[in-house]
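Hi,

Here is the structure I said I'd pass along. Have a look at it first, and then read my notes on the charged residues below.

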Amino acid sequence: MLRSAGDVWACVLEVNGWRRRRRDAPLVGYQELCRELSVSGPGTFGELDSTGARSVLRRFSDAWFAAAKRRKDGDVSACFPRRRRGLMPVRWYHGTFTLDGHRVRVPCAKSAPPLWVRLARELPYPVEQVRSITLLCEGGRLFLDVTAEVPVATYQAGEGPDPARVAGVDLGIIHPYAVAGPDGQALLVSGRAIRAEHRMHLADTKARRRAVAR
């Protein structure tokens, strides 16, 4: 399924390569890409259904317009999406998939049999709160990324947070959270231990690969 999504990505790159050589306008709008996908017909990209293929087109369109905006703002290092990928994440939205405990039914093309993916654990959200799922591959393992709608916290009268007290939060890499509050109060959550552990794990993995290569 992810390989077929990679074929969709490569097809869009190839079509835009042809248009660039003919000095035509690139095909980057989501609606234009969807029309091009409908012309290709069913079964062109294996068992990937139209919803999953459109999620790849949406990803390409967003990446292209984000790069165009950065270049317009003066960032000459911003690059348009032109790199092929063997595996591409595929996203499905609410109503197109089925969740059943430790299993999720992924929609496929009409001519393909149903595909059930078994999960390692149950979802931490109720089924009615799940809005989308994304099938992706990270580090050689298959993952299911879940997006759910979580209700906003409610408070009893007089027990809610004080709206006059405001804090600024800065999200970072080394320090995940840096919070600045009133009267000079601050909170710094350090992530150096996690970062160091990740780097040690990466160095250990490289050493093992070198040993196996020898």
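**Salt bridges and other charges**

Arg70 and Asp75 pair up through their side chains in a salt bridge, with 2.8 Å from N to O. Before you go further, keep in mind that this is a predicted model. Neither partner is fully out in the open: Arg70 has a relative accessible area of 43%, so it goes down as partly exposed. Asp75, at 27%, is partly exposed as well, because that value falls between the 20% and 50% cut-offs.

Right beside that pair in the numbering there's another one. Lys69 makes a salt bridge with Asp73, and their closest N and O atoms are 3.2 Å apart. Here both residues, Lys69 and Asp73, are exposed.

The one I'd zoom in on next is Arg131 with Glu149, whose side chains form a salt bridge at 3.0 Å, N to O. Arg131 sits in strand E5 (residues 130-138), while Glu149 is in the loop between strand E6 (141-148) and strand E7 (168-171), so this pair ties together parts that are 18 residues apart in sequence. As for accessibility, Arg131 comes out at 33% and therefore counts as partly exposed. Glu149 is partly exposed too, with a relative accessibility of 47%. In total, the model has seven salt bridges, and the three I've described are among them.

Now for some charges without such a partner. Which residues gather in a patch of positive charge on the surface? They are Arg20, Arg21, Arg71 and Arg82. Of these, Arg20 belongs to helix H1, which covers residues 2-21. Its relative accessibility is 45%, so Arg20 counts as partly exposed. That also clears the bar for joining a patch, because patch members need over 30% relative accessible area and no salt bridge.

Last, the one I'd like your eyes on: Asp49. You'll find Asp49 in the loop between helix H2 (30-40) and helix H3 (50-72). Is Asp49 buried or exposed? It is buried, and yet it has no salt bridge. The nearest side chain of opposite charge is that of Arg54, and it is 8.3 Å away. A salt bridge would need a nitrogen within 4 Å of a carboxyl oxygen. What Asp49 does touch, leaving aside residues up to four places away in sequence, is Trp92, Pro107, Cys108 and Ala109.

Tell me what you make of it when you've had a look.

Cheers

Methods:
Residues are numbered from 1 along each chain as its sequence is written. This is a predicted model: local features need pLDDT of at least 70, side-chain atom pairs count only at pLDDT 80 or more; totals for chains, interfaces and linings use all residues. Side-chain values use heavy atoms; hydrogens and water are left out. Helices (H or I, at least four residues) and strands (E, at least two) are DSSP runs, numbered from the N terminus. Buried means under 20% relative accessible area, exposed over 50%, partly exposed in between (1.4 Å probe, protein chains only). Lys and Arg count as positive and Asp and Glu as negative; His and the chain ends are not counted. Contact means heavy atoms within 4.5 Å. Patches are made of residues with over 30% relative accessible area and no salt bridge: like charges are joined within 9 Å, nonpolar side chains (Val, Leu, Ile, Met, Phe, Trp, Tyr) within 5 Å. Accessible areas come from the Shrake-Rupley method with a 1.4 Å probe; for residues, only the protein chains shown count as cover. The place of a charge is taken as NZ of Lys, CZ of Arg, CG of Asp or CD of Glu.
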